[in-house]
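Please open the model in your viewer and keep the selection panel at hand. The stops below go from one selection to the next, with a note on what is there.

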Amino acid sequence: MIATESLSKRFPRVTALDRLSLDIGPGVTGLVGANGAGKSTMIKILLGLSPASEGRAEVLGLDVSKDGPAIRERVGYMPEHDCLPPDVSATEFVVHMARMSGLPPAAARERTADTLRHVGLYEERYRPMGGYSTGMKQRVKLAQALVHDPQLVLLDEPTNGLDPVGRDDMLGLIRRVWTDFGISVLVTSHLLGELERTCDHVVVIDGGRLLRSSSTRDFTQTTTTVAVEVTDSDAHPDGTAALRAALAAAGVALHAREEEGLPGAGHVLLLEATGEETYDIVRDAVADLGLGLVRMEQRRHHIAEVFRPGPAEAGQPLEVRAR
Ligand SMILES: Nc1ncnc2c1ncn2[C@@H]1O[C@H](COP(=O)(O)OP(=O)(O)OP(=O)(O)O)[C@@H](O)[C@H]1O
């Protein structure tokens, strides 16, 4: 869908993209990086709106340096900032955008109604957009990117300014753009965590450089860390502490850090499993102490953890760089 080779963009005072080589296939791909990492610059180059300083980029097999108009016919774009005329309704605006993309009047009206329904705008679509909430405006911006039935959409920070519920709704909509319509998506965000559930593939950039590009599954692969939570008992009013001592005595490697458990149970012990036998040791220790086992589960990585220094490198987990 998108391929770049040593792509660079230099402004007089800053290198926004630094020799970025990427190969992005169909599906939903997240482009994540802190503010100023180069995400919007990348999108503008991919749309053929801004020339690269060096390197090459292709979108749907078309060369961004000379096929800009053909790319924009086949690709939808949702810009980051508020760009909607306040005195026009969503229907009028999206019909206009559909007409600009070359759809005849009847098809433009039909596609507009379908697309606005898909993004969850109903009666409000006839009201002027100046009175819309941020969530409604983001939905209109998404609709205008989809109305001409593109093969690919580039969405620049579509969850910006949304509350957690609005964010979840928008991420669900984005996922369905691919699953329901087969339109591939490149979505940017400065929040690593939110892309985990939405994207098949994640590209992380920092200061215009590629930090990592992998499938979400590779990012979130299971770890050898096991979380164990137990109840307390009359004999052991602090069940977690008793289990910690028993497991340490049995030679199990325990993390110093514990996590909050469920109300009524103790903390969550984190330990390293060396094989099936570790599970047997935990089960036997819990039974010997007469505790109740609330849960024992293998941990998965969260994408954000991949970019935190480990406990050995720092006293405590640090904030994710790309926040
Ligand atoms: N037209 C421009 N002239 C000069 N510098 C620019 C221009 N556009 C972007 N930059 C700089 O290039 C760098 C990357 O900007 P870009 O907007 O691509 O980042 P971003 O990852 O999209 O961040 P944000 O989410 O804050 O927009 C920043 O340092 C920015 O100041």
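**Around the ligand**

Begin by selecting the ligand in this predicted model, and then display its surroundings: 13 residues surround the ligand, and the closest are Ala16, Asn35, Lys39, Ser40 and Thr41. If you colour this shell by class, you will find four nonpolar, seven polar and two charged residues. Which element gives the most to the shell around the ligand? That element is H1, with three residues.

**Helix H1 and the four-stranded sheet**

Select helix H1, residues 39–46, and follow its axis, which runs at about 115° to E1 as the helix lies across E1, E2 and strand E4 (54–59). Now bring up the sheet to which these strands belong, an open sheet of four strands in the order E2-E1-E4-E5, with antiparallel pairing. Strand E2 (15–24) and strand E5 (62–63) stand at the edges, and because each has a single partner strand, one side of each is left without a neighbour in the sheet.

Stay with strand E1, residues 2–10, which runs antiparallel to E2 and is joined to it by six bridges. To see one of these pairings, select Ile2 together with Ile24, its bridge partner in E2. Next pick Ser6, which is also found in strand E1; its phi is near 50°, a positive value in a residue other than glycine. For context, most residues other than glycine have a negative phi. Ser6 is partly exposed, with 14 other C-beta atoms within 10 Å.

**Strand E3 and the six-stranded sheet**

Move on to strand E3, residues 28–32, where five of the five residues are buried, so that the strand is largely enclosed by the rest of the structure. Looking at its two faces in turn, you will find Val28, Gly30 and Val32 on one side and Thr29 and Leu31 on the other, with both faces covered.

Extend the selection to the strands that pair with E3. Strand E8, residues 184–189, runs parallel to E3 and is joined to it by five bridges, and in this pairing Leu31 stands opposite Thr188 of E8. Strand E9, residues 201–206, also pairs with E3 in the parallel sense, over four bridges; here the bridge partner of Gly30 is Val202, while that of Thr29 is His201.

With these strands displayed, add the rest of their sheet, an open one of six strands in the order E6-E7-E8-E3-E9-E10, with mixed pairing. Its edge strands are E6 and strand E10 (209–215), each of which pairs on one side only. From one strand to the next, the twist averages 15°.

**Helix H5 and what covers it**

Now select helix H5, residues 134–146, and look along its axis: the helix lies across E6 and E7, running at about 165° to E6. Its length can be checked in the viewer, since at 1.5 Å a residue its 13 residues should span 18 Å, and the end C-alpha atoms are 19 Å apart, which agrees.

How many of the 13 residues of H5 are buried? Ten of them are, which leaves the helix mostly covered; the buried residues include Met136, Gln138, Arg139, Val140 and Lys141, and the list continues with Leu142, Ala143, Gln144, Ala145 and Leu146. To display what covers these buried residues, select strand E6 (75–78), helix H3 (90–100), helix H4 (105–118), strand E7 (152–155) and helix H6 (164–181), which are included in that cover.

From Ala143, draw a distance to Arg117, which is found in helix H4: the two C-alpha atoms are separated by 9.1 Å, although the residues are 26 apart along the chain. Is Arg117 buried or exposed? With 12 C-beta neighbours inside 10 Å, Arg117 counts as exposed.

**Last stop: Glu157**

Finish with Glu157, whose place is in the loop between E7 and H6. Phi of Glu157 is near 50°, again a positive value in a residue other than glycine. Glu157 is buried, with 20 other C-beta atoms within 10 Å. Returning to Ser6 for a last look, recall that it is partly exposed, and that its phi is likewise near 50°.

Conventions
Residues are numbered from 1 along each chain as its sequence is written. This is a predicted model: local features need pLDDT of at least 70, side-chain atom pairs count only at pLDDT 80 or more; totals for chains, interfaces and linings use all residues. Two strands pair if DSSP finds at least two bridges between them. Two residues are in contact if their C-beta atoms, placed from the backbone, lie within 7 Å. Axes are lines fitted to C-alpha atoms, for helices over the stretch in contact, and angles run from 0 to 180 degrees between N-to-C directions. The expected span of a helix is 1.5 Å times one less than its number of residues. A residue is near a molecule or strand if its C-beta atom, placed from the backbone, lies within 6 Å of it. Ala, Val, Leu, Ile, Met, Phe, Trp, Tyr, Cys and Pro count as nonpolar, Asp, Glu, Lys and Arg as charged, and the others, Gly among them, as polar.
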